[in-house]
Amino acid sequence: RNKVKEITLDLSESMHRICRLAFPKASRVIDRFHVQRLALDAVQEIRIKHRWDAINADTAKIEGRKYVAERLENSDTLKELLARGRYALFKSPEKWTGSQRRRAGMLFRLYPDLKEAYRLSQNLRTIFNRRSTKDSARLNLARWYNSVAQAGFKSFNTIAATFYEHADEILNFFDNRSTNASAESINSKIKAFRAKLHGVNEA
């Protein structure tokens with residue numbers, strides 16, 4: 001165990017305690033995809049809030065009279081746009097399909113805060129995609145923290161505080177750009193196989 005030089009892990013505090021005890025001489029690297037996922041989830045939190053607002057507004061209009069929801073230029077209702085736009089917000093713009101690009105444009109026009117939140121998530125992705133030194137990445141993350149503070153999103157402020165607490169382990173990624181993506185992929189395949197096997201046994 002003392003020969004292990006580097007390990008990748010998530011943000012779980014229990015996992016950190018285990019790794020500190022089990023591999024005392026290893027450099028701990030928080031997987032970049034767990035970090036980015038938190039930012040993407042914060043974007044979705046804002047989208048969901050707007051969708052509930054749209055649902056509640058429709059409910060208020062329906063009560064007591066016949067109501068036909070207004071259609072937007074792509075034939076979505078506001079509720080449908082906020083539901084169907086979900087997948088575009090998980091992707092970077094170059095991976096959008098034509099319909100996702102249209103929906104994202106409409107969402108950002110109607111909800112500027114959602115546009116700003118998406119921008120913050122993509123800026124974080126860009127920091128990890130750059131072939132930066134650790135010192136350069138530290139500076140870029142500090143600038144990202146400032147942008148988060150200026151935006152004033154509660155969910156992003158909470159995430160930024162978490163990142164700040166684990167800053168050294170997040171920045172260790174830029175030493176060797178290590179992730180546990182291959183392990184996560186194998187784990188997903190094992191789970192899928194077990195689920196399929198369980199279904200066969202039940203049948």
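1. In this predicted model, Ile18 and Leu21 of helix 1 are exposed. They lie on the other side of the helix from its buried residues, which are His16, Cys19 and Ala22. Seen down the axis of helix 1, the buried residues fall within an arc of 140°, and therefore they line one face of the helix.

2. Against what does this buried face pack? The buried residues of helix 1 pack against strand 1, strand 2 and helix 8, the last of which covers residues 167–171.

3. Strand 1 comprises residues 6–9 and has two faces. Ile7 and Leu9 form the covered face, whereas Glu6 and Thr8 form the uncovered one. As a general point, side chains in a regular strand alternate between the two faces of the sheet.

4. Strand 1 is joined by four bridges to strand 2, residues 27–30, and the two strands run parallel. Within this pairing, isoleucine 7 stands opposite arginine 28 of strand 2. Isoleucine 7 also belongs to the covered face of strand 1.

5. How are strand 1, helix 1 and strand 2 arranged together? With helix 1 spanning residues 13–22, these three elements make a β-α-β unit that is right-handed.

6. A separate point concerns serine 99, which is found in helix 4, residues 98–110. Its relative accessibility is 31%; because this value lies between the limits of 20% for buried and 50% for exposed, serine 99 counts as partly exposed. The C-alpha atom of serine 99 is separated by 9.2 Å from that of glycine 85, and the two residues are 14 residues apart along the chain.

Key:
Residues are numbered from 1 along each chain as its sequence is written. This is a predicted model: local features need pLDDT of at least 70, side-chain atom pairs count only at pLDDT 80 or more; totals for chains, interfaces and linings use all residues. Side-chain values use heavy atoms; hydrogens and water are left out. Buried means under 20% relative accessible area, exposed over 50%, partly exposed in between (1.4 Å probe, protein chains only). Two strands pair if DSSP finds at least two bridges between them. A crossover is right-handed if, with the strands pointing away from the viewer, the path from the first strand over the helix to the second runs clockwise. The arc is that of the directions from the helix axis to the C-beta atoms. Contact means heavy atoms within 4.5 Å.
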